[in-house]
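This briefing concerns the strand pairing of a single protein chain. Please consult the sequence and the structure shown below alongside the points that follow.

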Amino acid sequence: MRISTQWLQDYLKLDIPADELAEKIERTAVEVDGVIRPNAGQKKVVVGHVETCEPHPDSDHLHVCQVDVGEAEPLQIVCGAPNVAAGENVIVALPNSWIGNHTKIKKSKMRGVKSNGMLCALDELGFDEKLVPKEVADGIFILPEDAKPGEPVFSYLGMDDEIIDMSITPNRGDMLSMNGTAHELAAIYDQTPTMPTVDLHEDANDDIDDQLEVRIDADQRDVPQYKMRLIKGVHIQASPLWLQIRLWNAGMRPINNVVDATNYVLMQYGQPLHAFDYDRLTDGQVNVRLAREGEHLTTLDGEDRELLPTDLVICNQDTPICLAGTMGGLETEVTDQTTNIALEGAVFDAVKIRKTAHNHDLHSEASMRYERGIDHGMTETALDAAAAMIAKLGNGTVARGVAVGRDEDVQPVTVTISLAKINHVLGTDLDLTTVTDIFNRLGFSTTVADQTYTVVVPSRRWDIHLPADLIEEVARIYGYDNLPATLPTGQPTIGKLNETQQMIRDSRKMMESAGLTQAISYSLTTEAKAKAFALHASDVTKLDFPMSSERTTLRLSLIAGLLDDLAYNNARKEHNVALYEEGRVFYSQPEQVRPKEIEHIAGAITGSMVPKSWGVAEQPVDFYAIKGIVAGYLKSLALAGNVRYVASADHPEMHPGRTADIYVDDQLVGFVGEVHPATAKAYKVRETYVFELDLTALIALPKARQQYQPISKFPSITRDVAMLIDDQTTNAAVVALMRAKGGAHLQRIELFDVYNGEHVPAGKKSLAYTLTYQDQNATLVDDEVTQAFEKVLNALQTELGAEIR
Amino acid sequence: MSLQDRLTELRDQGLADIKSADVLKKVNQVKVELLGKKGPITEVLRGMRDVAPEERPKIGAYANEVRDKLQAAIDHRRSELEQAALNKQLAAEQLDVTLPGRPAVQGQPHVITQIITELEDLFMGMGYQIVDGDEVEEDYYNFERLNLPKDHPARDMQDTFYITKDVLLRTQTSADQPRSLENHDFSKGPLKVLSPGRVYRRDTDDATHSHQFHQIEGLVVDKHITMADLKGTLILVAKTLFGDQFDVRLRPSYFPFTEPSVEADVTCFNCNGKGCAICKQTGWIEVLGAGMVHPHVLEMSGIDPEVYGGFAFGLGPDRFAMLKYGVDDIRNFYLNDVRFLSQFYKKG
């Protein structure tokens with residue numbers, strides 16, 4: 001909503017710079033997007049009088065003009081506009097002037113003839129082409145006859161105005177009008193606004209009753225008010241310049257005197273109005289109803305629209321001629337030939353208009369206001385004002401009376417609120433006089449009894465109907481700057497993370513200290529990526545109406561997103577990347593639309609975790625590096641159960657020989673391994689290792705009871721064993737056997753070498769372990785250890801076919 | 001030569017030898033030679049039997065004095081030489097300390113997590129509970145229970161991803177607040193919750209729009225919660241995140257779930273309030289929305305608005321991070337370029 005500060009002077013005496021006014025509006029009422037100064041940056045643009053206008057000797061369309069710009073000698077200017085002629089007052093950009101869009105005008109020659117400046121069209125002065133009246137769009141703009149040559153042109157075009165561009169919140173529809181804004185500013189500055197009056201003269205000899213008949217076939221809620229007036233003998237022409245200026249400064253294109261009058265009154269009162277060509281209404285019959293399935297209407301913009309049963313339509317003899325509150329029909333449009341006008345002033349249901357505007361993608365000044373609500377008490381006044389204005393501008397007459405399709409009894413709303421409640425909610429200590437004064441300034445009449453206000457809210461503030469709404473009025477007029485700043489008091493509460501939140505935080509820190517940086521990827525992805533790397537099979541949750549094919553489905557795993565991140569980095573020559581993500585995956589649940597949201601934590605590493613440096617080689621990450629990170633992390637969780645890694649070829653996106661499922665006892669909680677080379681290629685990443693863990697499950701699993709173990713005071717004894725063993729025999733099997741046969745004092749088994757290179761027969765590998773024995777209560781005797789160790793060696797040979805070296 | 005003179009001679013010779021010894025080995029050699037069991041001093045003392053008994057204590061004392069003196073000189077010389085050797089070694093071991101250290105591997109929290117964590121900690125310190133709602137929510141909780149019935153014009157402010165007609169991706173983390181309200185037992189004290197999390201809007205991704213971003217919403221409900229409390233809380237948030245030197249202003253706004261509603265601006269830190277491109281020449285930057293909980297929202301959760309009241313506020317960590325660090329493209333937060341992520345050091 002653009003508010004002209006010059007127009008505001010009709011209402012209020014505001015001797016305040018526009019920026020200050022804007023700041024005040026912003027602090028007290030609605031957001032301000034900025035102050036528009038149409039002449040900003042423009043200089044030396046003056047009124048010129050074309051004294052002579054001769055055809056250019058070397059051109060079939062240029063003219064050479066001598067233009068009086070208020071100086072001793074006229075300026076010679078070459079002009080190509082079709083409408084340039086001697087005797088006109090025109091806009092002259094003098095030599096070295098600045099016009100719109102930061103353009104500088106210099107002396108030049110056009111086809112050999114000197115041109116000392118330029119005659120301008122409106123768009124050259126920075127007018128938005130959507131605001132330039134169509135009849136002047138193709139030529140230079142002709143100024144009024146009384147314009148004085150040499151004077152700056154801006155005041156003649158309203159370009160010296162300062163326009164406050166307000167962004168109106170949905171609740172403040174009342175400020176989508178000059179009247180409403182004036183009431184608001186009057187309250188802010190404690191003034192009494194001068195409101196417009198209506199000077200309507202009806203033609204006593206011309207009664208509307210026999211000529212226009214209006215019937216409402218929609219219910220009271222959809223169409224609470226519908227009224228029409230009839231204006232006869234109107235001469236359609238361009239509006240006077242003052243009116244055009246007010247409209248274009250308000251962001252509306254001047255069309256003709258009838259449409260401009262309705263738009264002007266719309267700007268004044270916030271009441272949408274629609275003018276029909278009365279002679280196109282067969283028998284003057286108008287009815288309003290909901291559209292029927294399959295009906296069509298060609299709207300003003302030339303579009304043929306299929307109507308929906310939720311659309312309210314204005315009909316002539318039951319044929320739709322207008323989409324109520326959004327756009328008129330082409331058939332009954334006011335044209336140059338129109339002489340008689342049927343003028344509509346109505347109130348339509350906000351939700352209905354909102355749907356129509358949305359469904360037909362037709363958002364107009366009218367629909368915007370109906371959606372936010374309008375002042376039901378002002379409809380007929382606005383209708384009268386527009387009728388009077390059309391008659392005046394078009395030399396027509398207004399028929400006597402109003403054709404009323406539906407009327408309503410508009411009553412002010414009464415709200416009661418105590419002073420104590422106001423102070424209680426605001427945390428203030430305002431007295432009765434201060435609050436009374438605020439209500440008075442707002443134009444709300446009040447009566448006070450027992451420290452309680454009964455406030456009568458005029459219909460122009462239809463947003464107010466609750467005590468809370470009044471509290472807001474008091475707060476903002478009193479000024480938020482004047483409120484004290486305190487913190488809540490009352491019974492203390494404990495603020496701390498719950499177990500899940502604490503574990504998520506701890507998990508993040510563990511990952512970071514292991515060298516992984518936190519990524520936050522998109523939860524929405526393609527269906528294929530959403531399903532990839534899923535720990536458990538599940539259906540996916542899809543958007544009903546996605547915005548792009550890349551973001552259609554909620555993820556089942558975090559890895560696919562991390563691989564996208566890695567690919568993004570790889571494409572930018574970052575080949576050493578270690579990321580983790582903590583976030584939700586979305587498993588579908590039977591019979592339910594809403595998926596089960598499970599916290600997962602996943603990591604993806606490619607390249608070397610250790611950056612290349614002097615004296616340190618890069619260490620390309622491998623399976624065992626990422627497994628080490630996972631194992632260290634799981635250890636930090638202190639799970640009661642036993643963590644196991646089981647080779648798995650079941651994940652199609654993972655390397656079949658380099659992937660382990662991770663179990664805690666018998667519960668699958670995740671997997672770790674190398675991304676399948678084919679998958680890596682498809683995601684455009686290099687060799688990459690990943691893991692994904694079900695964090696929700698890990699959080700829920702029982703934790704080990706932590707109890708101090710006394711540290712043995714007695715020395716330990718170690719024995720090393722190296723063996724050749726079948727390549728397929730796993731470390732886990734060897735360790736399990738050693739543990740089983742190791743005896744009571746075997747404390748630790750450490751693998752210190754794995755070798756399958758030279759000197760190792762094909763199909764075999766060499767493993768070497770250190771076994772540590774210790775007794776809690778006594779010094780171990782060497783013989784005891786030797787005996788226990790021999791048992792292990794025997795078992796390894798007989799049960800696993802190991803060859804002890 | 002008297003024994004005494006002999007001792008003096010030994011002393012002077014010994015001190016000279018010690019002084020001239022230039023390596024430890026020589027010092028040790030001097031020691032063995034002079035003070036050893038077969039050394040000249042022992043020899044001298046053996047000659048004591050030839051000395052008159054009354055002279056013996058004097059000679060003995062003098063001999064001890066000489067021996068102690070020599071021992072001290074040896075210790076001193078030894079330590080001198082050791083120190084010199086150490087100095088030489090240290091000089092040889094000198095490093096170029098400007099060479100880079102060997103890298104220790106350390107990851108970092110995401111910048112948005114840092115902001116969320118900072119605010120979580122601030123609010124937990126004031127007794128707030130952190131609550132995590134679901135990201136897939138019912139329209140009923142996301143909108144209707146927050147006083148946004150279907151067809152409400154304010155729904156235009158939040159274009160929504162729907163799964164079905166009634167299920168959506170939450171557009172605000174306050175979607176969980178109706179549940180907090182209806183589940184809270186006010187006999188145990190006020191409700192004070194902070195809901196951080198991911199939210200979604202049906203937007204095309206560009207420099208300033210993202211279909212996924214984060215929100216932190218706060219809610220306090222009790223018998224005596226005032227707008228002044230809200231103002232004090234918002235000032236605290238702004239100053240915690242941006243610094244004490246900035247001003248905060250509140251101005252009226254509209255949210256269906258609060259009445260009165262306000263937006264909070266802080267002084268533009270780019271221009272210090274003078275007006276620049278970042279603050280669109282206003283000198284202020286909008287950082288959060290807030291208000292007093294609308295009575296309808298309380299009523300719908302079975303709470304009597306005549307007895308209880310409260311405030312709610314919401315802010316965007318993405319936007320905060322953009323403002324605080326001058327990030328000019330919101331997509332940076334979700335592309336996870338390591339060159340971007342590694343710029344924000346603070347521990348989360």
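In this predicted model, the hairpin formed by E6(A) and E7(A) has 3 residues between its strands. Within that hairpin, Asn101(A) adopts a positive phi near 55 degrees. The points below set out the pairing of these two strands, the other partners of E6(A), a separate open sheet and a region annotated in UniProt.

**The hairpin strands**

- Strand E7 covers residues 103-105 of chain A and pairs with E6(A) in the antiparallel sense, over 3 bridges.
- Ser97(A) has Ile105(A) of E7(A) as its bridge partner.

**Burial of strand E6**

- Strand E6 spans residues 89-99 of chain A, and 9 of its 11 residues are buried, so the strand is largely enclosed by the rest of the structure.
- Buried here denotes a relative accessible area under 20%.

**Other partners of strand E6**

- Strand E3, residues 43-55 of chain A, is an antiparallel partner of E6(A), and 6 bridges link the two.
- In this pairing, Val47(A) is matched with Ile91(A) of E6(A).
- Strand E11, residues 142-143 of chain A, runs antiparallel to E6(A) and is joined to it by 2 bridges.
- Val90(A) lies opposite Ile142(A) of E11(A).
- Strand E10, residues 118-119 of chain A, also pairs with E6(A) in the antiparallel sense, through 2 bridges.
- Val92(A) has Leu119(A) of E10(A) as its bridge partner.
- As background, side chains in a regular strand alternate between the two faces of the sheet.

**The open five-stranded sheet**

- An open sheet of 5 strands in chain A follows the order E14-E17-E20-E21-E22, with mixed pairing.
- The edges are occupied by strand E14 (213-216) and strand E22 (327-328) of chain A; each has a single partner strand, so one side of each is left without a neighbour in the sheet.
- Strand E21, residues 319-323 of chain A, and E22(A) run antiparallel and are joined by 2 bridges.
- Cys322(A) stands opposite Gly328(A) of E22(A).

**Annotated region**

- According to an unreviewed UniProt entry, residues 712-805 of chain A carry the feature "domain: FDX-ACB".
- Across residues 712-805 of chain A, the chain is 32% helix and 34% strand.
- The end C-alpha atoms of residues 712-805 of chain A are 32 Å apart.

Notes. Residues numbered from 1 in each chain as written. Chains lettered and ligands numbered in written order. Predicted model: local features only at pLDDT ≥ 70, side-chain atom pairs only at ≥ 80, totals over all residues. Heavy atoms only, no water. Buried < 20%, exposed > 50% of the residue type's maximum accessible area, 1.4 Å probe, protein only. Helix = DSSP H or I, 4+ residues; strand = E, 2+ residues; numbered from the N terminus. Pairing = 2+ DSSP bridges. UniProt positions renumbered as here; feature names shortened; annotations may be inferred.
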